[in-house]
Amino acid sequence: MLLKKEKMQRCKLIKLLIAFFLLLPNLLSAEPIQPDRPGFSTGTYTVEPGFSHIEMGIQSDYSNQIGDPDSYTAPLINYRLGLTPNMEFNLLWDGWGLVDGGRQNNTMNDVFVGIKHRLVVSDSYNISVLGFISLPTGNTADAGHSTPFIALLWDYVITDQILVFGTMQFISFVEDKQRSKQ
């Protein structure tokens with residue numbers, strides 16, 4: 001009975017957060033943004049100088065195997081601050097990781113700080129570089145190590161309606177007490 005009540009309270013909180021963030025753009029009336037999803041679809045564009053963006057999310061992974069736990073990560077935060085017309089400061093935090101509804105393996109993830117700089121700006125293509133380093137602030141099994149990350153980002157306009165983009169990335173991380181590179 002208590003678990004069902006906790007789940008209902010979490011659902012209400014998630015619905016409230018979603019409603020707040022759906023209304024937030026109308027309340028702030030900011031310029032249009034080019035959101036990032038670091039490591040997946042980070043764009044070449046930077047935030048205008050003096051402006052900041054806060055991008056937030058929740059990630060959930062549901063297992064298809066009976067007995068395997070579900071996991072949740074929240075809040076996913078990407079704070080971006082425009083420094084110059086071609087450079088922005090980034091602060092990333094993947095919040096807390098909860099496994100099996102928070103009953104096991106709860107962790108706090110490291111904070112990442114970095115800079116994105118637009119190297120080439122044109123009407124037909126753009127090239128940017130993005131660099132991050134983790135601050136060992138979390139309590140995961142492999143916490144206490146810095147994690148450098150660098151990426152070369154590009155986009156190309158094919159037509160007014162079609163734009164392609166991509167990224168080349170390098171990251172060095174510690175897993176099971178061994179440093180790995182990707």
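So, is Ile14 buried, exposed or partly exposed? Ile14 counts as partly exposed, at 34% relative accessibility. Before I go on, keep in mind that this is a predicted model.

Okay, where does Ile14 sit? It's in helix α1. And it has company: Leu13, Ile14, Leu16, Leu17, Ile18 and Ile58 make a nonpolar surface patch of about 550 Å². Helix α1, residues 2–28, gives the most to that patch, with 5 residues. As a general point, in soluble globular proteins nonpolar side chains tend to be buried together.

Now let's go inside. The largest nonpolar core has 6 residues: Leu92, Leu130, Phe132, Phe149, Ala151 and Leu153. Strands β7 (125–135) and β8 each supply at least two residues of this core, and β8 has the largest share, with 3.

Take Leu153 from that core. If you skip its neighbours within four places in sequence, Leu153 is in contact with a whole list of residues, including Thr42, Lys116, Ile127, Leu130 and Thr167.

Next, the strands. β8, residues 148–157, runs antiparallel to β9, residues 163–175, and 9 bridges join them. One pair to look for on your screen: Ala151, which we just met in the core, has Gln169 in β9 as its bridge partner. These two strands form a hairpin, with 5 residues between them.

Then β9 carries on to another partner. It pairs with β10, residues 178–181, again in the antiparallel sense, over 4 bridges. Here Ser172 has Lys181 in β10 as its bridge partner. This hairpin has 2 residues between the strands.

What's going on with the backbone in that loop? Asp176 sits in the loop between β9 and β10, and it has a positive phi of about 55 degrees although it isn't a glycine. Lys177 is in the loop between β9 and β10 too, with a positive phi near 65 degrees, and Lys177 isn't a glycine either. Asp176 is exposed, with a relative accessible area of 64%. Lys177 counts as exposed as well, because its relative accessibility is 72% and the cut-off for exposed is over 50%.

One last backbone detail. The peptide bond from Ala74 to Pro75 is cis, with omega near -15 degrees. Pro75 lies in strand β2, residues 71–84. For context, most residues other than glycine have a negative phi, and most peptide bonds are trans.

That's my tour, thanks for listening.

Definitions and conventions
Residues are numbered from 1 along each chain as its sequence is written. This is a predicted model: local features need pLDDT of at least 70, side-chain atom pairs count only at pLDDT 80 or more; totals for chains, interfaces and linings use all residues. Side-chain values use heavy atoms; hydrogens and water are left out. Patches are made of residues with over 30% relative accessible area and no salt bridge: like charges are joined within 9 Å, nonpolar side chains (Val, Leu, Ile, Met, Phe, Trp, Tyr) within 5 Å. Accessible areas come from the Shrake-Rupley method with a 1.4 Å probe; for residues, only the protein chains shown count as cover. A salt bridge is a side-chain nitrogen of Lys or Arg within 4 Å of a carboxyl oxygen of Asp or Glu. Buried means under 20% relative accessible area, exposed over 50%, partly exposed in between (1.4 Å probe, protein chains only). Two strands pair if DSSP finds at least two bridges between them. A nonpolar core is a set of buried Ala, Val, Leu, Ile, Met, Phe, Trp, Tyr and Cys residues joined through side-chain atoms within 4.5 Å. Contact means heavy atoms within 4.5 Å.
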